[in-house]
Amino acid sequence: MRDYVGTPRLVSLRLSPDGSRLVGVVQALNPDGKSYGTSLWEIPLDGRAPYRLTRSAKGESGAEFTAGGDLLFGSRRPDPAVKDPDEEAPALWLLPAGGGEARQIASRPGGVAGFATGGPTVVFTADVLPGDEATEDERRKSRKDAGISAILHESAPVRYWDHDLGPGETRLFAGALGDDRLTGVRDLTPQPGKALGNASYDVTPDGSAVVTTWEVPRPGGDVHSRLVVIGTSGDDAPRVLAEEEDHDFDGPVRVSPDGRLVACARARRADGDNIPEITLWIVDLATGEGHAAGGGLWPSDVVWAPDSRSLYVAADHQGRRPVFRVPADGSEPVRLTADDGAYLSLGVAPDGSVYALRSAVDSPARPVRITPGGEIEELASPVPVPELPGTLTEVTATADDGATIRAWLVLPRGASAENPAPFLLWIHGGPLSSWNDWSWRWNPWIMAERGYAVLLPDPCLSTGYGPEMIRRGWANWGPRTHADLMAITDAALELPEVDETRTAAMGGSFGGYMANWVAGHTDRFAAIVTHASLWHLDQFAGTTDAPMYWQREFGALGGELYAALSPHLSLEKISTPMLVIHGDKDYRVPIAEGLRLWWDLQRSNVESKFLYFPDENHWILKPGNVVAWYETVFAFLAQHVLGQEWKRPESLA
């Protein structure tokens, strides 16, 4: 486990505009062994070994090339001009293309959170306190010195994933690249409120405008997302480019190389009867006229071809995430990659080659070049590729309503009819998601190393199988998903390499919800592990960081769906031993869900344990806590599935 958490990971790529340079962001264990840091690496395109570009104790995040080939990145690294380095917020830095030391080119009292470029213009986001900008430094210091942490909210939301929102607001700034720093930096969005809290934006090629998503509050605590254009001169008010009453416009936002078109995602606003169908949407930047493209693909990543006549789109599809070539005129897309890969971080060179990160259920992310003909060429990677302790295969089953359900099955080394492996059903989160990618957080190969066969199913609500697969489980989470999971479990247990007498189930987030549902609707499993799980649906939907999203599907709190679909109402039917895992900083599924589940199991005398992380969020990210997570799961499953004596994990001794 220590080797696993210490393995460096390649998390993103960026290709230079002329296609001559490829830079990756690598996450690796810090020297203290207690946290991760990031750095930028050059990945030569001529076959030479990758080499590190940046080194700082604070690390670097993001990467963006300027038109001139310089490299922008964000970092908390100290700047010689700052007297008190302990007070530094993330700033924007530039590493010259011709070599030399990186220099800070922009900073803000609330930090620089993101950035994009176009021509000579750099646009970045920063957290700004409302009021006089000239006194912001002083006001931030005054709040800190006075010990004031209170935040007054007048509209939702108030939290996001693992952090509180406010008292500042996200604003867009623009400046021009100068000899030393950004010059003429101006606030493009004074008093935006919460409109840019989750913004996706891009800058036009000439740098004259930025196109961004913009959230507008609605009655009842809901929000609505439109697409707006803002001139980077700072002289013009935002212009609404796309807005529809029954649709939201979301990222990724990408402006075409010729500056005429904008690609984004258009999502139908869901309710109890309608799923949130997402399509790639092409908008004319001058007129606002738009049309769908991609034939129903749900875009995960989007990049324009150099001629602006087509795009390359990564989208979930049948347990994979291929790259598709999508004509901008709305014609049918063409699948470019035919393998089992899951692609992200797309970049297109002038010759039409696509550079990307390729991962899969059986492969961590590594850089590749995809030729115009669809051939995949591996590039030298700055991170090692671990050896896998088993093999990957697929399983299919027919559900009771006739739908085909498919899954990946991880088989441990040595599994056979003579030596069948104990079985672990692992349910994905989302719920709009798919088991098609490598995961460093919940990795099935760690379980295979311990001898388990791990089933990774895509039941109803999974993406990449068309709208009908989502519609089957929409507003019907528990019953329909449970039936799908049991059908694919039955199919997997028929394989001679799998031991049908030693079984367990586990899941996180929505997968945790389903683990709880499974516990209350069957006793076929010897143990259940439930992580960051929904337990009391009405309680969850009113305390999560995004209640408006879930209440679109389930209706107003207290409605009939909450009673029909809440796992807590089947408490008296639970007899399977359960391991409950939850982080206190989880705002998506608040800790109240884990505490309520744990207490309900205790008062009902269900054999259970509670693994609690006071300093973690929805995911368990700190290296030591990752080790504790896996060791506790190992011990719990060994006790109940393998029949071994309970042994307290060494990491928790």
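Start with the whole chain in view: the protein has 11 helices and 38 strands. Helices here are DSSP runs of H or I with at least four residues, strands are runs of E with at least two, and both are numbered from the N terminus. What you have open is a predicted model, where local features need pLDDT of at least 70, side-chain atom pairs count only at pLDDT 80 or more, and totals for chains, interfaces and linings use all residues. Residues are numbered from 1 along each chain as its sequence is written, and side-chain values use heavy atoms, with hydrogens and water left out.

**Zoomed out**

Along the principal axes, the C-alpha atoms fill a box of roughly 70 × 55 × 50 Å. The radius of gyration is 25 Å, which agrees with the value near 26 Å for a compact globule of 653 residues. That radius is taken over C-alpha atoms, and the globule rule is 2.2 Å times the number of residues to the power 0.38. Colour by burial next: 55% of the 653 residues are buried, meaning under 20% relative accessible area, with exposed meaning over 50% and partly exposed in between (1.4 Å probe, protein chains only).

**Stop one: a sheet near the start of the numbering**

Select β1 (9–15) and β4 (51–52). They belong to an open antiparallel sheet of four strands, in the order β1-β2-β3-β4. Each of these two stands at an edge with a single partner strand, so one side of each has no neighbour in the sheet. Strands count as paired if DSSP finds at least two bridges between them. Now add β2 (residues 22–29) and β3 (residues 36–42), which run antiparallel and are joined by seven bridges. For one of those pairs, click V26, whose bridge partner in β3 is S39.

**Stop two: cis peptide bonds**

Go to G251 and P252, joined by a cis peptide bond with omega about 5 degrees. P252 sits in strand β19 (residues 247–255). Then jump to G430 and P431, where another cis bond has omega about 0 degrees. P431 lies in the loop between β33 (421–427) and α3 (444–449).

**Stop three: the cores**

Show F423, L425, L455, W477, Y513 and L601, which touch the most other members of the largest nonpolar core, a set of 58 residues. Such a core is made of buried Ala, Val, Leu, Ile, Met, Phe, Trp, Tyr and Cys residues joined through side-chain atoms within 4.5 Å. A second, separate core of 37 residues includes W440, A527, V529 and V641.

**Stop four: S509 and helix α6**

Which loop holds S509? It is the one between β35 (498–508) and α6. S509 has phi near 65 degrees, a positive value in a residue other than glycine, and is buried at 13% relative accessibility. Carry on into α6 (residues 510–519): 10 of its 10 residues are buried, so the helix is largely enclosed by the rest of the structure. Among them are Y513 and W517.

**Stop five: N605 and T632**

Is N605 buried or exposed? At 69% relative accessibility, N605 counts as exposed. N605 also has a positive phi, near 60 degrees, and its place is the loop between α10 (591–603) and β38 (608–613). Finish at T632 in helix α11 (residues 623–640), a residue that is buried at 5% relative accessibility. Not counting residues up to four places away in sequence, T632 touches L579, L611, P649 and L652; contact means heavy atoms within 4.5 Å.
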